[in-house]
Amino acid sequence: MSIERQYLAALELTHQMLGAAVNQDWDTLVRVEKQRAVTMEDSARTAAILSPAEKSRVAEIIQAIEHESAEIMERVQSWQKDVGILLRMNNPT
C-alpha cells in the first residue's frame, strides 16, 4: 500500500471516529481510534522519499485528519464537561 493510501485509510478512520463522536458512541470511537493509531504508525514506518506532488497530497490529507481530530476532541471535551456536571449534581457535598 502506498503511503498516500495509508494516510487516506487513516482519514477514513478519522471520518468514522467523527461520526462516532457525533453520535456519542464512545466505544466505537475508542475502537476505531486504536485502528487509526496502528495505520498512522505503519504510515510513519513506511515513509519513503516522496515527490513534491506526493508530499503536498499527503500534507493535505494530514491537515484533514488534524482538522477532524480537533473537532472530535471538542466533542469529547464537551461530553466530559457535561458528565462532570451530572456527576457533581448526583453527588453533592
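**Three helices and the residues between them**

Let me start at a turn in the chain: glutamine 24 lies in the loop between α1 and α2. I should say at once that what we have in front of us is a predicted model. Just after α1, glutamine 24 takes a positive phi of about 55 degrees, and it does so although it is not a glycine.

From that loop, let me go back to the helix before it. Helix α1 covers residues 3-22, and its end C-alpha atoms are 29 Å apart, which agrees with the 28 Å that its 20 residues should span at 1.5 Å a residue. The buried residues of α1 are Ile3, Gln6, Tyr7, Ala10, Leu11, Leu13, Thr14, Met17, Leu18, Ala20 and Ala21. As you look at that list, it may help to recall that an α-helix has 3.6 residues a turn, so residues three or four places apart point the same way.

Now to helix α3, which takes in residues 52-90, 39 residues in total, and reaches 56 Å from its first C-alpha to its last, close to the 57 Å expected at 1.5 Å a residue. Its buried residues are Val58, Ile61, Ile65, Glu68, Ile72, Val76 and Gly84.

How do α1 and α3 lie relative to each other, roughly parallel or roughly antiparallel? Their axes come within 9 Å and cross at roughly 15 degrees, and because angles under 35 degrees count as roughly parallel, α1 and α3 are roughly parallel to each other. The crossing is left-handed. On the α1 side, the residues making the contact include Ile3, Tyr7, Leu11, Thr14 and Leu18, while on the α3 side they include Val58, Ile61, Ile65, Glu68 and Ile72. By class, this contact has 15 nonpolar, three polar and five charged residues.

Leucine 8 is worth a separate look, since its place is in helix α1. At 33% relative accessibility, leucine 8 counts as partly exposed. Leaving aside its neighbours within four places in sequence, leucine 8 is in contact with Arg57 and Ile61. Its C-alpha atom is separated by 15 Å from that of glutamate 33, which is 25 residues away along the chain.

That leaves helix α2, residues 26-45, where leucine 29 is found. Is leucine 29 buried or exposed? With a relative accessible area of 9%, leucine 29 is buried, because the cut-off for that term is under 20%. If we again set aside neighbours within four places in sequence, leucine 29 is in contact with Met17, Ala20, Ile72 and Val76; Met17 and Ala20 are among the buried residues of α1, and Ile72 and Val76 are among those of α3. The C-alpha atoms of leucine 29 and isoleucine 72 are separated by 9.3 Å, although these residues are 43 apart along the chain.

Threonine 39 also has its place in helix α2. At 17% relative accessibility, threonine 39 counts as buried. Which residues does threonine 39 contact, once its neighbours within four places in sequence are left aside? They are Gln6, Ala9, Ala10 and Leu13, and of these Gln6, Ala10 and Leu13 appear among the buried residues of α1.

Technical notes: Residues are numbered from 1 along each chain as its sequence is written. This is a predicted model: local features need pLDDT of at least 70, side-chain atom pairs count only at pLDDT 80 or more; totals for chains, interfaces and linings use all residues. Side-chain values use heavy atoms; hydrogens and water are left out. Helices (H or I, at least four residues) and strands (E, at least two) are DSSP runs, numbered from the N terminus. The expected span of a helix is 1.5 Å times one less than its number of residues. Buried means under 20% relative accessible area, exposed over 50%, partly exposed in between (1.4 Å probe, protein chains only). Contact means heavy atoms within 4.5 Å. Axes are lines fitted to C-alpha atoms, for helices over the stretch in contact, and angles run from 0 to 180 degrees between N-to-C directions. Angles under 35 degrees count as roughly parallel, over 145 as roughly antiparallel, 65 to 115 as roughly perpendicular and the rest as oblique. A crossing is left-handed if the near helix is turned anticlockwise from the far one by less than a right angle, and right-handed if clockwise. Ala, Val, Leu, Ile, Met, Phe, Trp, Tyr, Cys and Pro count as nonpolar, Asp, Glu, Lys and Arg as charged, and the others, Gly among them, as polar.
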